[in-house]
Each structure stands twice: as structure tokens, then as C-alpha cells.
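I set out to record what I looked up in this structure. The entries follow the order of my checks.

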Amino acid sequence: MRGDHQTLALVLFSAFVAVTLAITTWVSRHRHGTAEEFYAGGRLFSPMENGFAIAGDYMSAASFLGISGLIALFGYDGMLYSVGFLVAWLVVLFLVAELVRNCGRFTLADVVASRMAERPVRLAAGTSSVTVSVLYLVAQMVGAGSLVALLLGGTSGAARTGTVVGVGALMIIYVSLGGMRATTWIQIVKAVLLMAGALALTVLVLVRFHGDLNALLDTAAERSGHGRDFLVPGLKYGGDWTARLDFISLGLALVLGTAGLPHILSRFYTVPTARAARRSVVWSIGLIGCFYLMTIVLGFGAAALLGSDAVRASNPAGNDAVPLLALALGGGAGSTGGTVLFAVVAAIAFATILAVVAGITLASSASVAHDLYASLRRRGRATTPRGEVAVARAATVGIGAVAIGLSLLARELNVAFLVGLAFAVAASANLPVLLYSLFWRNFTTRGAVWSVYGGLVPALLLVVVSPVVSGSPDALFPGVDFHVFPLENPGLVSIPLGFLAGWIGTVTSAEPPDAARHAETEVRSLTGAGAV
């Protein structure tokens, strides 16, 4: 992949960077320096604007490139990723969105600490939120390195390193200068671009098959090399019981993890009311649902027009399926149409990565400043809002540097694994404490702390002793074998452990549950009375 499409893609991407930097500069001139402005954009966004921003935050490079690639390689089994990512939003809509908006101010820890001892709860929730955010951040930045390698037609280590550092520097600028308001508008622009690009490719695929979905699926099955097995369950996850349990584990992580992702939860604080938060989720579900339906068409289209072997030859994980499909739909390598379409898709994928890393970085810097820093200061020394924002900006630089360093170390790792791990940790550590705090009257401080660490620590340990790290040809360390846990995703074990640890911590706690504070939290969460 060499020639004009590289130049055009770089020009389009540069134009997006210029526009987003202009937005950031404009916002930075109109900022007031308050915590509410930096963390929540002044709570001034409409439900539609926030819905587009949530969709922009959620539809990551892993969604755009990874899911279509998995469908192109594994057919029906790959399609189940699209279903899992979408169904997760029903949990957010019915259990989380309004209640979190009413109970919190800026972070997950606000919701839990509203009825607990603040210091230990904020330390636990802040640690978990930063861990999840850094894992998600590394996955996006590794994806950026892989994309530039494809764009430049090689796997140059220097090019990948430069890309990771460049993306890290841009996200630091976006967040430290513009805060939530700039980040939100960048995500809105990115969501519009991504939906338009996916829609254009979907229409072109359907036109190629004259709108006949049966012909599309039959051709995909034929060119996949698997025949009709390509269109039924079991190609990737049907081998043995371990594979089936792994799929259940991954499904649990995807469906339950979204409601515990810090950068998604923080978006509910950018609207003025709980009703607006709920309407935001309805908007985002519509956009995200349409997007994942289009990824199914794109995945089967890549299998039908390119063949699974061609997709696998370019990238064993299938991450190149959509750019290669764009090249084929435009007329093939060397054609003007192929050049333009490939360049547009590559630029949109880059824009996707930039917007998502900005949102994640903002959420993690908020956890560092609002939860960890404020809790670790000596008692009696309260932080001022402006001082907290200054710490958050400094934390942005620190988190960016850590993410850049880890991404350079992990640039050969599978992006989907890192995203799945982030979802598993979020579902294991963040979701149990969030649901217990909102719905269990007798929940105590010890239960909250145990719930977070009881999910976080097992999730990380189980990954270390899983086939992902050692004991298999595709492991991080294929030459050694110290794996004792058979599943690649820890969610099936670590998510129940998070809930169990919270229950054990509560029933063994000598601290009596605070009925008055629970009643106050319940009224606030359901009615919005007293919400900020």
C-alpha cells in the first residue's frame, strides 16, 4: 500500500487535527477554570449533543476496525461482538444513567462515597478507574501504531513509535487546554465522520450486491473457505468447552463492562438533569445500534469481496479488513476511487483513536485529582476547585506519559485483548460497587472497598496466569509456560468475585449501615432532589 493514498490520508488526517486543535484553542480562551467547567463542560450540553459525544466516545478503533475484521474471519461468531457491545447499553439505560447523574458530581467515586466513609472508598474507586482507563488507553494507542504501519506500507518501529508519541502529545493538549468542553466537541465531530464513513461503505457494499443480502452472505460463505459453517455458530468458539466458556466470559465482560467504564460514566455529568442523561443514552443507543449493524455488513462484505484469506494475509487479527474493503470498493489498488476511499477510511480511523483517547485521559485525570489526590492530602487541608483542576492538568501529562511508555512496550500485543481486559476489569471492580451503592440498603464502607479490590485484583491476576500471557503460540511470552487458568478473559470468574467480595465485606462489617444516608441517596437518585 504505497503511493497517492498515503499522501491523501495524511492530508485528511492533518485537516482533522487542525480543526480539533482550533476547537481546543477556542474553548481554552473561553474557559473559567472551575472544576465543573473542566470535568463536566459546565453541564451545558443538550441530550442530542451528549448522545453524539457518548457514541463518539464508545465507537473506538477496536469497534471500527476490529469487529468487521473478526466477522470477515469468523462469520457468525465475529458478529456476536457487535451484539455484545450494543446490548451493554440496555444495562446503562435501565440501571445506571439517571441514577449516576443524580448521585454524583464528576466521577464514579462520587456515587459510592455519597453514603460511605469517603477516604477509603475514593482511594479504591480511583485506583480502579485509573487502571481501567490506562488499559483502554494503551489499546487505542497500540491501534494507532498498527494503523500507521498499514498506511505507510510497512511495520517500521520508528514510524509506530512516532505515531504513539504524537497521539499521546495531542491528547495531552486536547485535555489539558480544553477540558471536557473541547473533548466533547471533538467526539461529536468524530461521531459524525465515523457514521458518514461507515454508511458510505455500507451503501457501496449493498449496491455491489444489488441490495440482495442473501447473495452477500452466500458469497461471503463461499470465499471464506469454510462454506456454510461460516454462517452458523461455532467457527471460533465451538471447539471445546474451554472455548465456549471463554465466549461466555467475554460476553459477560462486554455486556456488563460498559456500565463501569469511567469515561462513559463521566459523560452523564455533562448534561443539566437526569432526564437529559437518559435522553442522551437513547440518542447514543440509536447511533451505536446503527453503527454496529453497519459493521456486520462491512465484515461480511470484506469476506465476500476480498476473501478471508486475503484479510488474514494482511493482518492475522483482521484489523485491516475495512481499509482493504474500501480500496476494493473504490476500484482496487492504483485506482482514483480506491485511493480516495482508502484515505478517507484511514483518516476516520485516526480521528476515532484521537477522540477516544481524549475522553479516556480526561476521565482518568479526573479520578487522579478528584479522588486520589483529594483523599491522600492530610486531613484538614481541603483542596480548592482551581487547585484540583491544576492537579488534573498535571495528571493528564503524567497519564499521557505512562500510556505512551506502556504502548511502546505493548505495541506487538493484540488490541482486542487489551480492550476485552479493560471491560473485564470494569465489570469486575466498578460495576458491583456501583450497583450495591445504588440498590442495597445495608451496604457498608468495608463492603465497598472489598468489592472494588475483590474484583480488580483477581481480574488482573487471572490474566497473568492465563494462556494470553504464556503457554500458547500467540501468548505474550510464547517461550515459557506458567499459565494455570484456562480462559483468556477472566470475566466469568472475576465478575462474580467482585459481587461476592462486596457481600462478604458487608455482612462481616462491624459498621452499622447508615439508613439515613441510604434514604437520602435513594431519594436523590430517583428524584434528582439535591443533585448538582
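The notes below cover conventions, one long helix, a surface patch and the cysteines.

Conventions. I worked from a predicted model, in which local features need pLDDT of at least 70, side-chain atom pairs count only at pLDDT 80 or more, and totals for chains, interfaces and linings use all residues. Residues are numbered from 1 along each chain as its sequence is written, and side-chain values use heavy atoms, without hydrogens and water.

Helix 15. I looked up helix 15, residues 336-376; helices are DSSP runs (H or I, at least four residues) numbered from the N terminus. Its 41 residues should span 60 Å (1.5 Å times one less than the number of residues), and the end C-alpha atoms are 58 Å apart, which agrees. I noted a kink of about 25° centred on Val368, the bend being the angle between axes fitted to the seven residues ending there and the seven starting there. Of the 41 residues, 33 are buried (under 20% relative accessible area, 1.4 Å probe, protein chains only; exposed is over 50%, partly exposed in between), so helix 15 is largely enclosed by the rest of the structure.

Surface patch. I found a nonpolar surface patch of about 580 Å², with Trp450 and Leu497 among its residues. Patch residues have over 30% relative accessible area and no salt bridge (Lys or Arg side-chain nitrogen within 4 Å of an Asp or Glu carboxyl oxygen); nonpolar side chains (Val, Leu, Ile, Met, Phe, Trp, Tyr) are joined within 5 Å, like charges within 9 Å. Helix 19 (residues 491-507) gives the most, with 6 residues. Leu497 lies in helix 19 and is partly exposed at 32%.

Cysteines. How many disulfides does the structure hold? I recorded 0, taking a disulfide as two cysteine sulfur atoms within 2.5 Å. Cys103 is buried at 5% relative accessibility, whereas Cys290 is partly exposed at 42%.

Methods. Areas by Shrake-Rupley, 256 points an atom, 1.4 Å probe, with all protein chains shown as cover. Helix = DSSP H or I, 4+ residues; strand = E, 2+ residues; numbered from the N terminus.
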